[in-house]
Amino acid sequence: MSAKVWLVGAGPGDPELLTLKAVKALNQAEIVMIDDLVNPAVLEHCRNARIMSVGKRGGCRSTPQAFIHRLMLRYARQGKCVVRLKGGDPCIFGRGSEEADWLNEHGIEVEMVNGITAGLAGATNCGIPLTLRGVARGVTLVTAHTQDDSSLNWPALAQSGTTLVVYMGVAKLSEIRESLLAGGMRADMPVAMIENASLPQQRECRSSLAAMQQAAHDFQLKSPAILVIGEVAAQPNMQLAAISA
Ligand code: SAH
């Protein structure tokens with residue numbers, strides 16, 4: 001196998017959160033295929049690349065996945081250095097492994113490069129520790145959005161004692177709220193909703209499980225946003241503020 005595709009995480013938005021490895025891949029890239037949640041500012045690291053937008057929103061409306069696969073294959077077989085750039089981490093709700101499997105099956109080597117996923121970046125930027133000694137012994141990343149209508153095990157999530165970080169949840173607030181309440185989570189469980197995490201236009205809205213839908217409505221919460229649900233979402237993290245002051 002000589003042809004190779006780099007599957008690279010572009011991080012949550014702030015270009016300074018790119019990894020050095022991602023910068024190196026962009027330096028060398030000849031073809032860069034980007035998703036729409038990627039901040040175009042990261043493309044300043046490209047030297048001689050042809051940039052192709054293949055996002056589901058944005059300019060190129062709904063590029064079919066099969067078409068993206070074929071494009072990557074075609075350029076890789078031409079011997080080009082192909083970078084597939086995805087928002088956050090390529091393997092967190094990013095279809096990274098699906099694309100890697102498909103490319104491997106077609107004889108193309110894949111190198112994955114981590115990115116900082118939006119849920120972790122958003123929480124940390126807001127001073128929310130997703131794990132906290134004596135408060136949250138773990139963190140669970142979930143999406144409320146499914147292709148096949150299968151359902152999450154909400155009661156298990158509600159009672160897990162871990163912090164929940166929900167991706168793609170803005171249009172599903174009612175379902176998330178009802179399911180967690182029905183699953184036994186406290187109505188006053190703290191919730192933080194973080195929009196445009198790590199970007200200059202980042203906004204955060206703090207609420208409780210019971211009130212989150214109304215709060216999001218009043219706040220006019222928009223995608224992309226992540227929800228942090230758990231005791232830690234009440235954390236202002238005064239220690240961090242004190243350090244930076
Ligand atoms: N692979 C990406 C996630 C892609 S799924 C990652 O690791 O971050 C798309 C969802 O990610 C959005 O609906 C939203 O929930 C979340 N998301 C991506 N970028 C975000 C950002 N800058 N701020 C808040 N949420 C974001």
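**Close-up views of a predicted model**

By class, the shell around the ligand is made up of 12 nonpolar, 4 polar and 1 charged residues. This structure is a predicted model, and the legends below take up the ligand site, a strand and its partners, and several individual residues.

**View 1. The ligand and the residues around it.** The ligand has 17 residues around it, and of these Ile92, Thr117, Met168, Ala197 and Ala225 come nearest. Polar backbone atoms approach the ligand at several places: one belonging to Asp89 is 2.9 Å from an oxygen atom of the ligand, a backbone N or O atom of Ala118 also lies 2.9 Å from a ligand oxygen atom, and for Ala225 the distance from a polar backbone atom to an oxygen atom of the ligand is 2.7 Å. Taken alone, the ligand exposes 540 Å², of which the protein buries 92%. Because domain 1 (4-113) and domain 2 (118-234) both give residues to the shell, the ligand lies between them.

**View 2. Strand β1 and its two partners.** Strand β1, which spans residues 4-9, is mostly covered, with 5 of its 6 residues buried. With strand β5 (residues 109-113), β1 pairs in the parallel sense over 5 bridges, and here Lys4 stands opposite Glu109 of β5. With strand β4 (residues 82-86), β1 likewise pairs in the parallel sense over 5 bridges, and in this pairing Lys86 of β4 is the bridge partner of Gly9. When side chains are added to this view, it helps to recall that in a regular strand they alternate between the two faces of the sheet.

**View 3. Glu99 and its side-chain contacts.** Glu99 has its place in helix α3, which covers residues 96-105. Is this residue buried or exposed? With a relative accessible area of 0%, which is under the 20% that marks a buried residue, Glu99 is buried. The Glu99 side chain makes a polar contact of 2.6 Å with the side chain of Gln65, and it makes another, of 2.9 Å, with the side chain of Arg84.

**View 4. Arg137, a loop residue.** Arg137 is found in the loop between α4 (118-125) and β6 (139-143). Its relative accessible area is 82%, and the residue is therefore counted as exposed, the cut-off for that class being over 50%. Arg137 and Gln65 are 72 residues apart in sequence, and their C-alpha atoms are 37 Å apart in space.

**View 5. Val54 and Met33.** Val54 lies in the loop that runs between β3 (50-53) and α2 (65-77), and at 2% relative accessibility this valine counts as buried. Along the chain, Val54 and Met33 are 21 residues apart, while their C-alpha atoms are separated by 6.3 Å.

**View 6. Backbone geometry at Pro224, Met168 and Ser198.** As background to this view, most residues other than glycine have a negative phi, and most peptide bonds are trans. The peptide bond from Ser223 to Pro224 is cis, with an omega near 5 degrees, and Pro224 is found in the loop between α7 (212-219) and β10 (225-229). Met168, although it is not a glycine, has a positive phi of about 55 degrees; this methionine is found in the loop between β7 (163-167) and α6 (173-182) and, at 41% relative accessibility, counts as partly exposed. Met168 also appears in View 1, being one of the residues that come nearest to the ligand. Ser198 has a phi near 75 degrees, again a positive value in a residue other than glycine. The loop that holds Ser198 lies between β8 (190-195) and β9 (203-208), and with a relative accessible area of 10% this serine is buried.

**View 7. Val166 and Ile229.** Val166 has its place in strand β7, and at 1% relative accessibility it counts as buried. Which distance separates the C-alpha atoms of Val166 and Ile229? The two residues are 63 residues apart along the chain, and their C-alpha atoms are separated by 8.0 Å.

Notes. Residues are numbered from 1 along each chain as its sequence is written. This is a predicted model: local features need pLDDT of at least 70, side-chain atom pairs count only at pLDDT 80 or more; totals for chains, interfaces and linings use all residues. Side-chain values use heavy atoms; hydrogens and water are left out. A residue is near a molecule or strand if one of its heavy atoms lies within 4 Å of it. A polar contact is a pair of N or O atoms within 3.5 Å; within protein, one must be able to donate a hydrogen and the other to accept it, and residues adjacent in sequence count only if both atoms are side-chain atoms. Accessible areas come from the Shrake-Rupley method with a 1.4 Å probe; for residues, only the protein chains shown count as cover. Ala, Val, Leu, Ile, Met, Phe, Trp, Tyr, Cys and Pro count as nonpolar, Asp, Glu, Lys and Arg as charged, and the others, Gly among them, as polar. Domain bounds come from an automatic or database domain assignment. Buried means under 20% relative accessible area, exposed over 50%, partly exposed in between (1.4 Å probe, protein chains only). Helices (H or I, at least four residues) and strands (E, at least two) are DSSP runs, numbered from the N terminus. Two strands pair if DSSP finds at least two bridges between them.
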